[in-house]
Amino acid sequence: MSIISGDIEKAAAILCAEDVVAIPTETVYGLAGNIFSEKAINRIFQVKQRPLFNPLIVHLHSQEQLKDIAINIPKRALLLAEKFWPGSLTLVLDKHESIPDLITAGKNTVACRVPNHPVTRELMRSIPFPLAAPSANPFNRISPTTAEHVEGYFGNEIQMVLDGGPCEKGLESTIVGFPEGEPVLYRLGAIPREDLEKVIGKLAVQNTTTASPQAPGMLKKHYSPTTPSVLVDDLKEINSLVKDKKAALLTLSPTSLNVSLVKSIYLSENADLLEAASKLYSALHELDSLKLDMIIIQRMPEHGLGRSMNDRLRRAVK
Ligand code: TXA
Ligand code: MG
């Protein structure tokens with residue numbers, strides 16, 4: 001029997017009983033548990049096979065809850081929260097003493113955001129605790145953007161996926177921290193860097209190749225299909241790549257190529273980056289399920305959400 005259900009009360013009951021539920025957000029589906037339940041949080045790490053050194057994002061139903069989660073909040077963090085919450089921005093702030101070490105992997109900072117999905121907002125209003133929720137995929141795999149993706153990953157291991165339809169944004173939240181009081185972009189995501197810079201000015205970008213990254217979502221390999229995948233700048237490279245292989249192609253917009261491909265998917269009829277981002281992971285899930293020899297992916301334009309997509313694609317092909 002399917003574990004996908006739209007029953008918000010049932011999801012609340014499971015969470016109150018200290019178990020986990022997959023929940024929809026506007027970015028990707030998350031695997032949620034009560035931040036104050038050691039049992040629920042351990043279960044999240046266990047189901048995801050996620051290393052304990054990788055901290056979790058705390059999801060709030062409103063900005064008002066922030067005072068119970070974080071302290072010393074910089075002015076520019078508040079400006080960003082005002083502008084982008086509810087929404088796809090995660091802020092890394094000094095943690096309130098009540099936040100368990102298991103959530104923050106022992107760090108003195110906590111990542112938090114107010115997600116913008118009507119189903120999950122209703123769920124969160126009905127329970128008395130915030131939710132920790134990493135993306136609902138096994139460690140290093142592609143994030144889920146539909147309830148069916150989650151069921152495919154964890155159907156035998158969790159009680160329920162709360163159905164909220166396909167995720168509107170389809171890329172994980174953008175993460176910003178304030179390590180020395182100055183804003184630093186830790187993870188590119190569903191809110192383009194340019195939009196943040198309009199509010200708080202120039203953002204520093206964390207070096208993604210350090211041995212101990214601030215946000216392990218910045219690890220070099222992440223978000224990966226199981227099929228060998230390559231990223232190309234120029235579609236002319238495809239002929240020599242395909243040879244006798246069973247290959248699929250993923251492009252931004254429609255192409256006409258004289259190459260023998262098992263499947264070709266484009267993300268947006270008129271190269272709209274918002275639409276393309278929302279469909280990227282679904283397309284990768286679909287192509288990966290074909291079990292081909294190779295997935296060839298066209299690099300996106302290096303601006304706005306194209307930059308966020310390229311970030312994920314670089315990690316996907318490592
Ligand atoms: O869109 C999203 O952010 C989704 C949805 C479900 O909200 N969640 C998500 O969670 O992508 P996750 O756990 O897959 O990625 C969160 C990233 C991880 O790379 C983690 O290392 C980083 O946030 N992170 C969490 N707490 C942190 C902290 N205190 N300092 C720095 N990075 C942190
Ligand atoms: Mg993740």
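Select A271 to begin: in this predicted model the residue counts as partly exposed, at 33% relative accessibility. A271 sits in the loop between β15 and α9, and its phi is positive, about 55°, although the residue is not a glycine. Most residues other than glycine have a negative phi, which is a reason to pause on this backbone position before moving along the chain.

From that loop, go on to α9, residues 273-289, and display it together with α10, residues 304-316; the two helices pack at an angle of about 20°, and their axes are 9 Å apart. That angle makes α9 roughly parallel to α10, since the cut-off for this class is under 35 degrees. The crossing of the two helices is left-handed. To see what forms the contact, select L273, L274, A276, A277, L280, Y281 and L284 on α9, and then L305, G306, M309, R312 and L313 on α10. Sorted by class, the residues in this contact of α9 with α10 are 10 nonpolar, 1 polar and 1 charged.

Next, bring up the open sheet, whose 4 strands are arranged in the order β13-β16-β14-β15 with parallel pairing. Which strands stand at the edges of the sheet? They are β13 (229-232) and β15 (263-266), each of which has a single partner strand, so that one side of each is left without a neighbour in the sheet. From one strand to the next, the twist averages 15°.

Within the sheet, select β14 (residues 247-251) and β16 (residues 294-298), which run parallel and are joined by 4 bridges; in one of the pairings to look at, L249 has I296 of β16 as its bridge partner. With these strands still displayed, add α9 again: the helix packs on the sheet, where it touches β14, β15 and β16, and its direction makes about 175° with that of β14.

Two further stops concern the backbone in other loops. Select N72, in the loop between β5 (70-71) and α3, where phi is near 50°, a positive value in a residue other than glycine. Is N72 buried or exposed? N72 is exposed, with a relative accessible area of 58%.

Finally, move to P86, which is placed in the loop between α3 (75-84) and β6 (89-95), and inspect the peptide bond leading into it from W85, which is cis, with omega near -10°. Most peptide bonds are trans.

Notes: Residues numbered from 1 in each chain as written. Chains lettered and ligands numbered in written order. Predicted model: local features only at pLDDT ≥ 70, side-chain atom pairs only at ≥ 80, totals over all residues. Heavy atoms only, no water. Axes fitted to C-alpha atoms, helices over the stretch in contact; angles between N-to-C directions. Parallel < 35°, antiparallel > 145°, perpendicular 65-115°, else oblique. Left-handed = near helix turned anticlockwise from the far one by under 90°. Contact = heavy atoms within 4.5 Å. Nonpolar A, V, L, I, M, F, W, Y, C, P; charged D, E, K, R; others polar. Pairing = 2+ DSSP bridges. Buried < 20%, exposed > 50% of the residue type's maximum accessible area, 1.4 Å probe, protein only.
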